[in-house]
Amino acid sequence: MSLISSIFTFIVTMVLPIGGLLFILEKDRSILKAFLGGVYTYIIFQIVSILPPFKNMSLSLAALGPVAAVAVPAVLLAVISEVVRFFIYKYFLKPPFSTNDGLALGFGHWSIEAVLTTGLTSLSLMTNFSANAAKIDPTGMALSGLERFFVLPILALLSLLCLYTIKSGRYFGLISAIILHCLVNGGTAVFIIIGTPTWMVISLIGILSCACAYVILHLRKTSVFAEK
């Protein structure tokens with residue numbers, strides 16, 4: 001089971017991101033800049049998260065309880081992430097924007113996050129699996145891969161919602177993205193703090209992921225995203 005779960009997580013967090021980038025380079029370079037915009041969104045977000053006041057915010061809020069100490073920074077950083085995504089569209093990318101630009105930006109964000117948070121560790125384990133097999137928790141490894149896989153439609157929808165605001169001029173999209181991201185970050189943090197089993201948290205993320213994929217399919221049919 002350790003080998004199967006490791007291969008699965010390696011495919012999700014290394015093969016899929018790299019394969020997706022190679023596909024873009026080969027088939028549609030017009031969305032490469034949007035893909036890079038997603039990468040930049042993640043990098044900027046990570047830089048902000050280690051700067052004051054976010055660096056020590058959890059400690060500052062510890063007196064309010066563990067839920068506040070974890071959930072409040074998670075929610076604030078979710079807001080910042082969507083604002084950064086919005087500015088990436090507004091000042092880094094250039095119109096006209098297509099639906100594929102939004103999906104590529106979400107995929108770029110997901111790819112760099114998947115590789116850096118899970119993929120490199122998975123690669124390290126796979127390069128010398130015989131020596132590392134005993135250290136691997138098969139269930140934990142599989143759940144890591146599933147969590148990363150489930151996050152992809154969520155990030156894709158967040159990117160499309162921000163793009164909705166850019167294309168339509170209505171801030172409904174950006175506000176919706178902020179609310180959704182806050183619910184994901186804050187909700188996940190609360191569930192973990194109160195001791196919810198990891199498999200249950202991942203299952204809830206999976207349900208949300210399916211809902212996001214459904215919304216994406218319908219959002220693409222709206223007049224804002226209809227290809228002309």
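Read from the N terminus, the elements of the protein chain follow the order α-α-α-α-α-α-α-α-α. The count is accordingly 9 helices and 0 strands. The model described here is a predicted one.

A look at the overall dimensions helps to set the scene. The C-alpha trace spans about 55 × 50 × 30 Å along its principal axes. For 228 residues, a compact globule would have a radius of gyration near 17 Å, and the 18 Å of the protein chain agrees with that. Of these 228 residues, 46% are buried. Contacts reach far along the sequence: among those between residues at least 6 apart, 79% join residues that are at least 24 apart. The surface that the protein chain exposes comes to about 11,900 Å², and carbon and sulfur atoms supply 72% of this area. As for charge, the chain carries 14 positive and 8 negative charges, and the mean positions of the two sets lie 7 Å apart.

Helix H2 is a convenient place to begin a closer tour. This helix covers residues 32-49, 18 residues in total. From its first C-alpha to its last, H2 reaches 26 Å, close to the 26 Å expected at 1.5 Å a residue. Its buried residues are Ala34, Phe35, Gly37, Gly38, Val39, Thr41, Tyr42, Phe45, Val48 and Ser49. The cover over these buried positions includes helix H1 (2-27), helix H4 (66-92) and H5.

Helix H5, which runs over residues 99-127, holds Glu113. Glu113 has a relative accessibility of 18%, so this residue counts as buried, the cut-off being 20%. Beyond residues up to four places away in sequence, Glu113 touches Tyr42, Thr118, Arg148 and Leu155. One of these partners, Tyr42, has already appeared among the buried residues of H2.

Asn100 is also found in helix H5. With 34% relative accessibility, Asn100 counts as partly exposed. Once neighbours within four places in sequence are set aside, Asn100 is in contact with Ile31 and Arg220. Although Asn100 and Ala34 are 66 residues apart along the chain, their C-alpha atoms are separated by 8.7 Å. Ala34 itself is one of the buried residues of H2.

The loops deserve a visit too. Most peptide bonds are trans, but two proline pairs are worth inspecting in the model. Pro52 and Pro53 are joined by a cis peptide bond, with omega at about 0 degrees. Pro53 sits in the loop between H2 and helix H3 (57-60). A cis peptide bond also leads from Pro95 to Pro96, where omega is near 5 degrees. Pro96 belongs to the loop between H4 and H5.

Further along the chain, Thr196 occupies the loop between helix H8 (172-193) and helix H9 (198-219). Despite this loop position, Thr196 is buried, its relative accessible area being 15%. Apart from residues up to four places away in sequence, the residues touched by Thr196 are Phe191 and Val201.

Methods
Residues numbered from 1 in each chain as written. Predicted model: local features only at pLDDT ≥ 70, side-chain atom pairs only at ≥ 80, totals over all residues. Heavy atoms only, no water. Helix = DSSP H or I, 4+ residues; strand = E, 2+ residues; numbered from the N terminus. Buried < 20%, exposed > 50% of the residue type's maximum accessible area, 1.4 Å probe, protein only. Contact = heavy atoms within 4.5 Å. Expected span 1.5 Å × (residues − 1). Rg over C-alpha atoms; globule rule 2.2 N^0.38 Å. Areas by Shrake-Rupley, 256 points an atom, 1.4 Å probe, with all protein chains shown as cover. Lys, Arg positive; Asp, Glu negative; His and termini not counted. Charge placed at Lys NZ, Arg CZ, Asp CG, Glu CD.
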